[in-house]
Amino acid sequence: TPAIDWDAVRADFPLLQREVHGKPLIYFDNANTGQKPACVIEAVDGFYRRHNANVSRAVHQLGSEATDAYEASRKALARFLNVRAEELVLCSGTTFAINLVAYSWALPRLQPGDAILVSRMEHHANIVPWQLVAERTGAVVRVVEIRDDGTLDQDALQQAMTPDVKLLALTHVSNVLGTVNPVREICRDARRRGIVTVIDGSQAVPHRRVDVAAIGCDFYAFTGHKMCGPTGTGALWARREHLHAMPPFLGGGEMIREVAFEGTVYNDPPHRFEAGTPNIAGFVGLGAAVAYLERLGMEQVERREAELLAHLTEELQRIDGLRIFGTAPDKAAVVAFLVEGAHAHDLATLLDLEGVAIRSGQHCAHPLLKFYGVAATCRASPAFYNTHAEIEGFVSALRKVRTLLA
Ligand code: PMP
């Protein structure tokens with residue numbers, strides 16, 4: 001494969017040209033949400049300018065163009081993840097996707113005596129829906145612990161997969177530690193024990209090639225806005241047999257075949273789970289994002305981000321009193337850290353004045369921060385369109401603001 005001109009790639013992202021507080025922006029908050037290339041912005045704009053209509057309803061030309069564009073995005077996403085389009089439910093993002101599994105799959109099935117396993121490193125979106133299900137069914141939520149380096153404790157996981165466990169909810173990649181979990185092996189073990197698996201792919205799909213079929217999970221949730229797509233887009237992939245066995249989550253238009261007061265006939269999956277008017281323009285944008293990522297190649301994206309991560313980690317390790325959380329051998333470009341004597345929010349606030357955008361706080365992962373005994377951390381998460389020069393700019397800004405706090 002020919003070498004990619006990463007400066008040209010960066011130029012595809014209009015927002016990265018702007019300044020913040022009079023300084024060139026260094027956007028290192030990609031784990032939170034990603035920036036959008038011009039082709040995605042133009043796809044959304046073009047949809048509203050030329051094709052806007054509702055989907056799956058009207059016989060007129062615009063209606064069929066909108067429906068075709070929406071379904072083309074479903075197909076593109078399915079190809080990207082190596083799954084069948086009929087098994088992909090389009091929705092507003094990971095949070096919706098996991099709640100759909102919780103309400104439509106877990107709620108009618110789980111009972112007192114059943115257990116749901118989650119890991120210590122989950123995002124709240126992969127904890128709270130299971131707590132809600134547990135409260136209503138009498139099932140319990142159990143935690144699989146991690147090791148100090150931020151990897152999942154595999155022995156603890158093996159021991160935790162007892163016969164009462166019905167479901168395992170696990171993140172593919174941690175949004176704080178960057179840890180990449182060996183989901184393929186884990187899903188195989190779970191399947192052997194009859195445990196249904198829900199994988200949170202929010203931080204994986206944007207950063208590496210994800211072959212959902214090869215992972216062998218039951219459900220795979222992800223979000224569009226971290227993978228160059230618009231906010232309010234995402235999907236749930238589910239095995240066909242699950243989708244056919246699941247009652248609808250939300251009721252309304254689109255999800256029905258026939259409505260009568262004597263009884264309503266639901267549409268087939270995936271439409272059964274897509275009640276109401278979807279974020280059509282958003283999915284047109286997400287289709288463009290998938291095409292963009294495919295043009296770059298996810299292997300190239302992964303390699304580029306690994307280089308940026310190595311550079312960033314090396315630079316940060318040179319700073320006295322800086323502690324990095326999460327040092328897994330297989331790690332995505334997310335670096336959570338603290339600097340001795342400086343509060344995470346103070347650092348992030350002062351860095352903002354230098355034009356640097358990082359996140360500080362708990363990253364929707366309170367139980368994980370509790371494990372490390374800290375109230376908050378900073379988190380820097382570069383993406384493929386960031387540069388080595390920005391890493392140097394960030395680190396020198398960090399050194400500067402640290403002296404202000406000392
Ligand atoms: N899970 C993980 C691992 C995440 O990083 C995020 C986004 N921060 C979510 C779930 C939730 O995604 P969304 O807000 O798009 O629903």
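A residue is counted as buried if 20 or more other C-beta atoms lie within 10 Å of its own, as exposed if 12 or fewer do, and as partly exposed in between. This cut-off underlies several stops on the tour below, which is made through a predicted model.

**The whole chain**

Begin with the complete protein displayed as a cartoon. There are 14 helices and 17 strands to be found in it. The radius of gyration is 22 Å, close to the 22 Å that the globule rule gives for 406 residues, so the protein is as compact as a globular protein of that length. Oriented along the principal axes, the C-alpha trace spans about 70 × 55 × 40 Å. If the residues are coloured by burial, 48% of the 406 residues appear as buried. Of the contacts with a separation of 6 or more, 70% join residues 24 or more positions apart.

Next, select residues 26-393. An unreviewed UniProt entry places the feature "domain: Aminotransferase class V" on this segment. Helix makes up 39% of the segment and strand 17%, while its end C-alpha atoms are 8 Å apart.

**The two domains**

Now colour the domains separately. Domain 1 comprises 6-30 together with 297-405, and domain 2 comprises 42-294. Their centres, taken over C-alpha atoms, are separated by 28 Å. Where they meet, 23 residues of domain 1 are in contact with 22 residues of domain 2.

Which elements supply at least two residues each to the side of domain 1 that touches domain 2? Select α11, β14 (335-339) and α13 (366-372), each of which does so. The most is given by α11, with five residues. By class, this side of domain 1 divides into 14 nonpolar, three polar and six charged residues.

**Helix α11 and L316**

Remain on helix α11 (residues 298-317) and select L316, which belongs to this helix. Is L316 buried or partly exposed? L316 has 19 C-beta neighbours inside 10 Å and therefore counts as partly exposed. Setting aside neighbours within four places in sequence, L316 is in contact with L322, I324, V335, F337 and V395. For a distance check, draw a line from L316 to D346: these residues are 30 apart in sequence, and their C-alpha atoms are 18 Å apart.

**Helix α14 and A397**

Move to helix α14 (residues 388-405), where A397 is found. A397 has 21 other C-beta atoms within 10 Å and is therefore buried. Beyond residues up to four places away in sequence, A397 touches L351, E354 and V356. A second distance can be drawn from A397 to A332; these two lie 65 residues apart along the chain, with 23 Å between their C-alpha atoms.

**The ligand shell**

Centre the view on the ligand. How many residues surround the ligand? There are 15, and the closest are G93, T95, H123, N175 and T223. The shell around the ligand consists of two nonpolar, twelve polar and one charged residues.

**Helix α4**

One of the closest residues to the ligand is T95, and T95 is also among the buried residues of α4. Select residues 94-106 to display this helix. Why is α4 described as largely enclosed by the rest of the structure? Twelve of its 13 residues are buried, so the helix is largely enclosed. The buried positions are T94, T95, F96, A97, I98, N99, L100, V101, A102, S104, W105 and A106.

**Backbone details in three loops**

Finish with the backbone shown as sticks. Select P269 and P270: the peptide bond from P269 to P270 is cis, with omega near 0°. P270 is located in the loop between β12 (265-266) and α10 (280-296).

Then select H21, in the loop between β1 (19-20) and β2 (23-24). Although H21 is not a glycine, its phi is positive, at about 50°. With 10 C-beta neighbours inside 10 Å, H21 counts as exposed.

The last selection is E254, in the loop between α9 (240-245) and β11 (256-258). E254 likewise has a positive phi, of about 75°, without being a glycine. Its 18 other C-beta atoms within 10 Å make E254 partly exposed.

Technical notes:
Residues numbered from 1 in each chain as written. Predicted model: local features only at pLDDT ≥ 70, side-chain atom pairs only at ≥ 80, totals over all residues. UniProt positions renumbered as here; feature names shortened; annotations may be inferred. Helix = DSSP H or I, 4+ residues; strand = E, 2+ residues; numbered from the N terminus. Rg over C-alpha atoms; globule rule 2.2 N^0.38 Å. Contact = placed C-beta atoms within 7 Å. Near = placed C-beta within 6 Å. Nonpolar A, V, L, I, M, F, W, Y, C, P; charged D, E, K, R; others polar. Domains from an automatic or database assignment.
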